[in-house]
Amino acid sequence: MNVETQGTSRSAAPVWVALVVAIVGLVVATAALTATLVGGAPFGMMGAGRGMMSGGGMMSGGGMMSGAFGSGSVLQPGASGFVPGTAAAPRIVRVIAGPGYAFSPSSITVERGETVTFLVTTMGPITHEFMVGPAADVTTHTPGTPEIDGIGMMQTGSLTYTFDGSGPYAFACHEPGHYEAGMAGTITVVP
Ligand SMILES: [Cu+2]
């Protein structure tokens, strides 16, 4: 009797352990699969994979918006296959102004000599402007420096600029107090 009981409990324990391990394994595998499907679906539907290649999270807002306007906007200057903008066919660069006193992105890279059309959209209730040119002129708000004035909420302004110098270039908003609050960005020129 004693021997039989011991025998039963000895052989039952490994079966029980194996069953638990199997169940836990199944649950983990199911959870992982679910996470993959749930996490993967939005990327596949929205960005068709481009979001993931360009670093998704980092680009977030801008990446999603530019994703709808062709793959030409994905490659950045310096990357192989990048097509620089020309006067006849400027490269489109989208910039979000606000909400608050910031541009997104706050740093932009251009190829030397290329022509870029900035499409600047204001998010939020504060009106912004977008001035672009040599950093010294932009910083001091020099009259005559190209700018889009008074971009209201959900409005988009357009400005085309050719970067034919070596820089440094910059952009900024000079609505009262905005530049002082940090509403500016840098433009890096690559050969
Ligand atoms: Cu502003």
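Colleague: Let's start with strand 4, residues 115–122: which residues make up its covered face?

Modeller: This is a predicted model, by the way. Strand 4 has two faces, and the uncovered one carries Thr 115, Thr 117, Leu 119 and Thr 121. The covered face is made of Val 116, Phe 118, Val 120 and Thr 122.

Colleague: Okay, and in what order do the 4 strands of the open sheet sit?

Modeller: Let's build it up from the pairs. Strand 1 runs antiparallel to strand 2, with 2 bridges joining them, and strand 1 pairs with strand 4 in the parallel sense over 7 bridges. Strand 4 also pairs with strand 7, this time in the antiparallel sense over 7 bridges. Put together, the pairing is mixed and the order is 2-1-4-7.

Colleague: Why do strand 2 and strand 7 each have one side without a neighbour in the sheet?

Modeller: Strand 2 covers residues 103–104 and strand 7 covers 156–162. One side of each is left free because each stands at an edge of the sheet, with a single partner strand.

Colleague: Can we follow a row of residues across? Which residue in strand 7 is the bridge partner of Thr 121?

Modeller: Sure, start at Ile 96, which stands opposite Ser 104 in strand 2. Ile 96 also stands opposite Thr 121 in strand 4. From Thr 121, the bridge partner in strand 7 is Thr 156.

Colleague: Now Phe 103: buried or exposed?

Modeller: Phe 103 has its place in strand 2, and residues it touches include Val 95, Phe 171 and Met 183. The cut-off for buried is 20 or more other C-beta atoms within 10 Å. Phe 103 has 21 of them, so it counts as buried.

Colleague: How far apart in space are Phe 103 and Met 123?

Modeller: Along the sequence, Phe 103 and Met 123 are 20 residues apart. In space, going C-alpha to C-alpha, the distance is 9.9 Å.

Colleague: Which residues touch the most other members of the largest nonpolar core?

Modeller: That core has 26 residues, and strand 1, strand 4 and strand 5 are among the strands that each supply at least two of them. Take Phe 130: its contacts include Val 95, Ala 97 and Phe 171. The residues touching the most other members are Val 95, Ala 97, Phe 130, Phe 171 and Ala 172.

Colleague: Last one: over which residues is the pLDDT below 50?

Modeller: Across the protein chain the mean pLDDT is 75, and 62% of residues reach 70 or more. Where pLDDT is low, the predicted coordinates shouldn't be read in detail. The stretch with pLDDT below 50 is residues 1–72.

Notes:
Residues numbered from 1 in each chain as written. Predicted model: local features only at pLDDT ≥ 70, side-chain atom pairs only at ≥ 80, totals over all residues. pLDDT = per-residue confidence, 0-100. Contact = placed C-beta atoms within 7 Å. Pairing = 2+ DSSP bridges. Buried ≥ 20, exposed ≤ 12 C-beta atoms within 10 Å, placed from the backbone. Core = buried A, V, L, I, M, F, W, Y, C linked by C-beta atoms within 7 Å. Lists of a residue's contacts leave out its neighbours within four places in sequence.
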